[in-house]
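Reader: I would like a close look at a single part of this structure, with its surroundings described carefully afterwards.

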Amino acid sequence: MIPSKQRVFEILKDVVYFPKGGNIVDLEMVKDVEVGENLIRFRLVLDDVDDEKNNMLFDTAKKFLNDAFGDVEIDIIPTEPVTMLSQVKHIIAVASGKGGVGKSTVAVNLAVALAMQGFKVGMIDADIYGPSVPIMFGVEGERPECYDKGGKTYMVPVQKYGIKLMSLGMMVDPSQPLIWRGPMATSALTQLMTETDWGEIDFLVVDMPPGTGDIQLCLAQNFKVSGSVIVTTPQKVAFADVRRAANMFKHKGVSVPILGLVENMAYFTPSDMPDKKYYIFGEGHGKEFAEELGIPFLADIPMDENIATSGDKGTPYTFNNMGPVTAAFEKLARKIIERF
Ligand SMILES: Nc1ncnc2c1ncn2[C@@H]1O[C@H](COP(=O)(O)OP(=O)(O)OP(=O)(O)O)[C@@H](O)[C@H]1O
Ligand SMILES: [Mg+2]
């Protein structure tokens, strides 16, 4: 006689998972139970599927099931837990120790360039003082919708130009006193990462706030960041702060791979003379600085007033413009794609 799934669950309720002090059924570790003439198969969700101690758990479950149903084959499939981030392939942090160098501009246009090359892209604005990303995408004031599943609440990102967007500014009130804002910001970032229903995403681009503080550490230490893009401007005054950011990512215990350096506002090209490049702050500073830091030089992005105006109007520049700026972001996107 084929046992009922309900009976299988009843038997498995006697199997205790000691690390969490409960039985494997109530801990929701048992999934997709299948029963056949001579077979009982199910998935067992384990935090560490490679842990040798799991074998004891498998043996206990098998013994209890065989005692109850006789000599049937028991097939237990160890399964990693599904988190909202498990369908996110790569997290890319866009950072710089320095404020105002164009992190948000680079992050947003990189996200658009990746999406234009056919990838599924998400973006997080991790700056509570933002909301630069929502402004640049023209979704300021919009809030994510929420839904409940399995007793938990999940957020659905706001979508624009095919990109899924979330912003810390949606979660934390920047007018809160500083002592609240700090811890709130890091827990809000964790929430944005883990309680957003991202779906399938190839690249999740994170626009970091300036500096090397709690938000940077929270992201680097708690999530598997595939790489960071460091943004600088050609002026040497920016370099000390940028160096600090690069060193933070290299630091043991943080160790986020640095994909390379982007030199923003590297030169100026007048729109009526697209072949001319004016290096207002000097040529090659970014390259030299990347060499000094021992990291790849990824791209130089020209200065163009339309980048600023299109950001203010809510359409990222690369979305509907051709020319040297868009070409520079396409090149940057290609380098990142090649890397992965
Ligand atoms: N390549 C560029 N050409 C012209 N203007 C630019 C360029 N890059 C950035 N800007 C402008 O410079 C200003 C600062 O850029 P942005 O907000 O991207 O910097 P940020 O590093 O994110 O700043 P913050 O540290 O405040 O987060 C904005 O007004 C933006 O439009
Ligand atoms: Mg910014």
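How many residues surround ligand 1, and which are the closest?

Author: In this predicted model, 19 residues surround ligand 1, and the closest of them are Gly99, Gly102, Ser104, Thr105 and Ala308. Several elements give two or more residues to this shell, namely the helices α3 (103-116) and α9 (305-313) together with the strands β14 (258-268) and β15 (297-303). Among the contributors, α9 provides the largest share, which amounts to four residues. Sorted by class, the shell around ligand 1 is made up of eight polar, seven nonpolar and four charged residues.

The helix α3 also links this description to the interior of the chain. The largest nonpolar core has 77 residues, and those with the most contacts inside it are Ala93, Val94, Leu110, Ala111, Val205, Val206 and Leu332; to this core α3 gives the most, with nine residues. Leu110, taken by itself, touches Val94, Val205, Phe329, Leu332 and Ala333, when residues up to four places away in sequence are not counted. Apart from the largest core lies another, of 13 residues, which includes Ile24, Leu46, Leu57 and Leu65.

As for the wider layout, the domain assignment divides the chain into domain 1, covering 5-79, and domain 2, covering 88-339. The centres of domain 1 and domain 2, taken over C-alpha atoms, are separated by 44 Å.

Notes: Residues are numbered from 1 along each chain as its sequence is written. Chains are lettered from A and ligands numbered from 1 in the order in which they are written. This is a predicted model: local features need pLDDT of at least 70, side-chain atom pairs count only at pLDDT 80 or more; totals for chains, interfaces and linings use all residues. A residue is near a molecule or strand if its C-beta atom, placed from the backbone, lies within 6 Å of it. Ala, Val, Leu, Ile, Met, Phe, Trp, Tyr, Cys and Pro count as nonpolar, Asp, Glu, Lys and Arg as charged, and the others, Gly among them, as polar. Domain bounds come from an automatic or database domain assignment. A nonpolar core is a set of buried Ala, Val, Leu, Ile, Met, Phe, Trp, Tyr and Cys residues joined through C-beta atoms within 7 Å. A residue is buried if 20 or more other C-beta atoms lie within 10 Å of its own, exposed if 12 or fewer, and partly exposed in between; C-beta atoms are placed from the backbone. Two residues are in contact if their C-beta atoms, placed from the backbone, lie within 7 Å.
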